[in-house]
There are 2 protein chains.
Amino acid sequence: MSQWDIYNKNCPTRLVLDRIADKWTVLVVGALATETKRFGQLRRELDGVSQKMLTQTLRGLERDGIVYRKVYATVPPKVEYSLTTLGLTLVNLVETVRYWSEGNIEKVLMAQKRYDA
Amino acid sequence: MSQWDIYNKNCPTRLVLDRIADKWTVLVVGALATETKRFGQLRRELDGVSQKMLTQTLRGLERDGIVYRKVYATVPPKVEYSLTTLGLTLVNLVETVRYWSEGNIEKVLMAQKRYDA
DNA sequence: TGCTGTAGTTACCAAAAAGAAACTAATAAA
DNA sequence: TTTATTAGTTTCTTTTTGGTAACTACAGCA
């Protein structure tokens, strides 16, 4: 039993919850699970993400020590993103989220149909 | 290899991702993991949730077949919420999220301090 | 000479999310 | 007779979010 409690409004763990219970976070961490990738690669992979949202998400993850950002001082710029040790501990979690979503979508869609009727 | 791909913008699994990669969803499912609860109980447990957000979250989860809502036609009203079979398959996932948050908050806070300096 | 490519930042605007407060119904208790 | 109770809904307002477009640097290529 720790001092932290996510059910308490003022507990800082709420901030962590906000970060990882986030669509783009799940997709970014999943995309970086196997290999280092450049900004443009991520942008293309995360279909539908805007440049702004991707930058924001990556900055947040970098700040939280989940993603490592390596900048090459070249022109045109080159920036590589990878998971930190801490970030790697999230991989299992986000893959479970993905598998759950892809594995239960049919049930969810059926439930929605039933509800809407 | 299924027909679903969460990395595709138009894939309906994105909707499921939006639902479960959500702060209140994580907390609600966690709160209902062990027992059926009434609306007011949930409201008190989920510190900081507004009535409106809780209602919205519960409706969404009910629509997706994750939460079951049982209404007693009494006055004052009584409504009980519980997890469906589908909802129960989410319990492990949301508990992992909670444990990760509570277990890594210190590392995250330290990383933030470093980044902000 | 001028166009392309990369990984951003910034400003602006529209849309959506979320908070606050007021209102409901019928019964039981004070 | 008034009041409290429960689980909402509704309206209004504020805040946050997110999208679009414009701008940057400089090397390489036609």
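**Exercise 1. The two chains**

What rotation, and what shift along its axis, superposes chain A on chain B?

*Solution.* Keep in mind from the start that this is a predicted model.

Step 1. A rotation of 180° does the job, with 0.0 Å of shift along the axis. The RMSD of that superposition is 0.0 Å.

Step 2. The two copies are thus related as by a two-fold rotation axis.

Step 3. To find the axis on your screen, look for Ala21(A): of the residues of chain A, Ala21(A) comes closest to the axis, with its C-alpha at 2.1 Å.

**Exercise 2. The sheet in each chain**

Work out the strand order of the sheet in chain A, and say which strands stand at its edges.

*Solution.* Step 1. In chain A, 3 strands form an open sheet in the order S1-S3-S2, and the pairing is antiparallel.

Step 2. Strand S1 (37-38) and strand S2 (67-72) of chain A each have a single partner strand, so one side of each is left without a neighbour in the sheet. These two are the edge strands.

Step 3. Now follow one pairing. S2(A) runs antiparallel to strand S3 (residues 78-83) of chain A over 6 bridges. Within this pair, Val71(A) faces Val79(A) of S3(A).

Step 4. Turn to chain B. Here too an open sheet of 3 strands has the order S1-S3-S2 with antiparallel pairing. Strand S1 (37-38) and S2 of chain B are at the edges, each with a single partner strand, so one side of each has no neighbour in the sheet.

Step 5. Strand S2 (residues 67-72) of chain B is joined to S3(B) by 6 antiparallel bridges. Two bridge partners let you trace the register: Tyr68(B) is matched with Ser82(B), and Tyr72(B) with Lys78(B).

**Exercise 3. The turn between S2 and S3**

Find how many residues the hairpin between S2(B) and S3(B) passes through, then locate the cis peptide bond of each chain.

*Solution.* Step 1. The hairpin from S2(B) to S3(B) passes through 5 residues.

Step 2. In chain B, the bond from Val75(B) to Pro76(B) is cis, with omega near -5°. Pro76(B) sits in the loop between S2 and S3 of chain B.

Step 3. In chain A, a cis peptide bond links Val75(A) and Pro76(A), with omega about -5°. Pro76(A) belongs to the loop between S2 and S3 of chain A.

**Exercise 4. Helix H6**

Check whether the end-to-end distance of helix H6 in chain A agrees with its number of residues, and find its kink.

*Solution.* Step 1. H6 of chain A covers residues 91-116, which makes 26 residues.

Step 2. At 1.5 Å a residue, the helix should span 38 Å. The C-alpha atoms at its ends are 35 Å apart, which agrees.

Step 3. Look along H6(A) for the bend: a kink of about 55° is centred on Asn104(A).

**Exercise 5. Around DNA strand C**

List the closest residues to DNA strand C and describe some polar contacts.

*Solution.* Step 1. DNA strand C is surrounded by 17 residues, and the closest are Gln51(A), Arg69(A), Pro77(A), Tyr81(A) and Val75(B). Of the strand's atoms within 4 Å of the protein, 58% belong to sugar and phosphate.

Step 2. The side chain of Arg38(A) places an N or O atom 2.8 Å from a phosphate oxygen. Gln51(A) has a polar side-chain atom 2.6 Å from a base nitrogen. Pro77(A) uses a backbone N or O atom, 3.0 Å from a sugar or linking oxygen.

Step 3. Sorted by type, the residues of this surface are 8 nonpolar, 4 polar and 5 charged.

**Exercise 6. Around DNA strand D**

Now do the corresponding work for DNA strand D.

*Solution.* Step 1. There are 16 residues around DNA strand D, and Lys52(A), Val75(A), Gln51(B), Pro77(B) and Tyr81(B) come nearest. Sugar and phosphate make up 60% of the strand's atoms within 4 Å of the protein.

Step 2. Three side chains of chain B have polar atoms by phosphate oxygens of this strand: Arg38(B) at 2.9 Å, Arg69(B) at 2.7 Å and Tyr81(B) at 2.6 Å.

Step 3. The elements giving two or more residues to this surface are helix H4 (51-63) of chain A, with helix H3 (39-45), helix H4 (51-63) and strand S3 (78-83) of chain B.

Step 4. The surface near DNA strand D comprises 7 nonpolar, 4 polar and 5 charged residues.

Terms used
Residues numbered from 1 in each chain as written. Chains lettered and ligands numbered in written order. Predicted model: local features only at pLDDT ≥ 70, side-chain atom pairs only at ≥ 80, totals over all residues. Heavy atoms only, no water. Helix = DSSP H or I, 4+ residues; strand = E, 2+ residues; numbered from the N terminus. Expected span 1.5 Å × (residues − 1). Bend = angle between axes of the 7 residues up to and from the residue. Near = heavy atom within 4 Å. Polar contact = N/O pair within 3.5 Å; in protein donor to acceptor, adjacent residues only side chain to side chain. Nonpolar A, V, L, I, M, F, W, Y, C, P; charged D, E, K, R; others polar. Pairing = 2+ DSSP bridges. Least-squares fit on C-alpha atoms with pLDDT ≥ 70 in both.
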